[in-house]
Amino acid sequence: MRFLISGAGVAGLSTAVNLDADGHDVTIVERAEHLGGNAPPIDIRGDALDVADKMGLLGQIRERRIDMTQRVQFIDRDGTVVAELPVDEINDSPDDIEIARDDITNLLRDRLGSSTELRLGESIAELDDGESGVDVRFSSGTVDRYDLVVGADGMHSAVRRLTFGPERLFLHHLGFYTAMARLPGYHPSDRINPMYSFPGHIVGIMSYNKKTLAFFMFRSSWIDYDYHDLAIKKRILADAFAGHHEWRVPELVDAAVQDTHLYFDSESQIKMPGWHNGRVALVGDAAYCASTLSGRGTSLALTGAWFLAKALREHPGDLGQAWEQYERDQRPHVIRHQATAAPGGELLAPATQDEIDTRNRGLAARPADEE
Ligand SMILES: Cc1cc2nc3c(=O)[nH]c(=O)nc-3n(C[C@H](O)[C@H](O)[C@H](O)COP(=O)(O)OP(=O)(O)OC[C@H]3O[C@@H](n4cnc5c(N)ncnc54)[C@H](O)[C@@H]3O)c2cc1C
């Protein structure tokens with residue numbers, strides 16, 4: 001069959017690897033001009049480790065393991081360490097693997113078979129799902145017909161909008177915004193990744209391999225802005241941290257404002273009653289974004305891509321059965337992983353100083369209690 005996949009993140013690339021292995025003809029279109037982007041490391045946990053193993057990737061993923069999150073420590077306004085991130089509680093098991101996004105992206109891209117074509121700087125402009133195929137017009141103006149289309153184009157999925165309706169029907173804001181900025185000239189002086197909290201906010205520095213990012217999160221009700229508009233995103237971020245001169249807050253906000261690839265988005269989840277419509281299906285954040293706060297989006301992308309290909313393999317002549325099986329297999333993972341986001345927000349950005357102090361006392365006491 002001829003497949004078109006929109007989006008070359010972990011979900012799109014994994015789907016392509018799995019479909020290609022089953023002998024399908026796959027085209028991936030990726031809006032960006034390059035893969036990976038400015039995004040931070042990700043985690044592979046639980047059942048996704050089994051999937052990575054079945055895909056023949058687990059060994060290489062293990063070799064590239066990093067410990068960015070393990071090095072996070074909460075600091076006070078002067079930079080003194082006051083508590084540690086309880087990584088064991090956050091992880092599903094000690095086997096969980098944190099890996100740089102470029103590394104997993106490159107591993108998946110290297111696995112793409114000869115019947116997969118990856119087109120960068122391209123996206124779907126129009127979809128017409130007909131009786132015998134999906135007619136697609138691309139933003140470049142070319143047209144083509146595919147047997148099936150998979151939307152793997154992230155939380156703000158265009159395929160979802162074109163096939164299922166506007167984003168507001170499915171997006172559930174969790175009450176936080178997150179930003180990540182590059183710190184190109186920064187050389188960490190020690191092994192810790194420091195995070196400073198003040199009520200409703202957290203800001204920190206995260207180093208891994210030879211890269212360093214500034215991390216920001218703050219509580220806020222929904223803000224209506226054009227998420228393609230970088231200048232507005234920078235202004236919202238700067239306003240949220242304005243007036244705070246403690247620790248290195250002004251310096252990090254300045255770095256974010258200078259960053260031409262700043263990541264800024266709401267902490268939101270995508271919740272949909274179903275992930276297919278005719279010959280179009282969704283996978284990864286497009287279908288069931290769990291949010292950064294869950295730290296489980298990549299695991300969901302890997303299991304989703306695996307179950308989607310498996311269902312199509314097991315029901316070659318019956319699309320309805322295949323979609324049903326995909327949803328039956330993947331839904332329990334989505335429910336479990338989406339539920340981890342709310343505690344993540346409470347841990348990282350407590351609303352009041354009392355709650356910050358309580359968190360820090362609890363986490364600082366932990367190692368001593370265990371001795
Ligand atoms: C700041 C941040 C921190 C995160 N931290 C973690 C973490 O610690 N652990 C974890 O497991 N997960 C984390 N995640 C989530 C994780 O990145 C994703 O859930 C996971 O990688 C699956 O993503 P995806 O492939 O479905 O979507 P994405 O990674 O969003 O990829 C979508 C791809 O589609 C492309 N695209 C978008 N629109 C179009 C279009 N119209 N046409 C064509 N292409 C398009 C994008 O450029 C992108 O390449 C984090 C995400 C962010 C943003």
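Start with the three strands E9, E10 and E11 of this predicted model, which form an open sheet in the order E9-E10-E11 with antiparallel pairing. Colour strand E9 (124-129) and strand E11 (143-146) separately, and you will find them at the edges, where each has a single partner strand, so that one side of each is left without a neighbour in the sheet. Looking across the sheet, the twist from one strand to the next averages 20°.

Next, select strand E10 (residues 134-138) together with E9; the two run antiparallel and are joined by 5 bridges. To see one such pairing, display leucine 127 and valine 136, the latter being the bridge partner of leucine 127 in E10.

Move then to strand E2 (residues 25-30) and select glutamate 30, which is found in this strand. Which side chain of opposite charge is nearest to this buried glutamate 30? It is that of arginine 31, 5.7 Å away, and glutamate 30 has no salt bridge. Its side chain does, however, reach the backbone nitrogen of alanine 8 at 2.8 Å. If you show the surroundings while leaving aside neighbours within four places in sequence, glutamate 30 is in contact with Gly7, Ala8, Gly9, Leu35, Arg119, Leu120, Gly121 and Glu122.

Finish at helix H10 (residues 297-314), where serine 299 is found. Is serine 299 buried or exposed? With a relative accessible area of 1%, serine 299 is buried. Select its contacts, again leaving aside neighbours within four places in sequence, and you will have Asp43, Ile44, Arg45, Ala48 and His337 around serine 299.

Note on methods: Residues numbered from 1 in each chain as written. Predicted model: local features only at pLDDT ≥ 70, side-chain atom pairs only at ≥ 80, totals over all residues. Heavy atoms only, no water. Pairing = 2+ DSSP bridges. Helix = DSSP H or I, 4+ residues; strand = E, 2+ residues; numbered from the N terminus. Axes fitted to C-alpha atoms, helices over the stretch in contact; angles between N-to-C directions. Buried < 20%, exposed > 50% of the residue type's maximum accessible area, 1.4 Å probe, protein only. Lys, Arg positive; Asp, Glu negative; His and termini not counted. Salt bridge = Lys/Arg side-chain N within 4 Å of Asp/Glu carboxyl O. Polar contact = N/O pair within 3.5 Å; in protein donor to acceptor, adjacent residues only side chain to side chain. Contact = heavy atoms within 4.5 Å.
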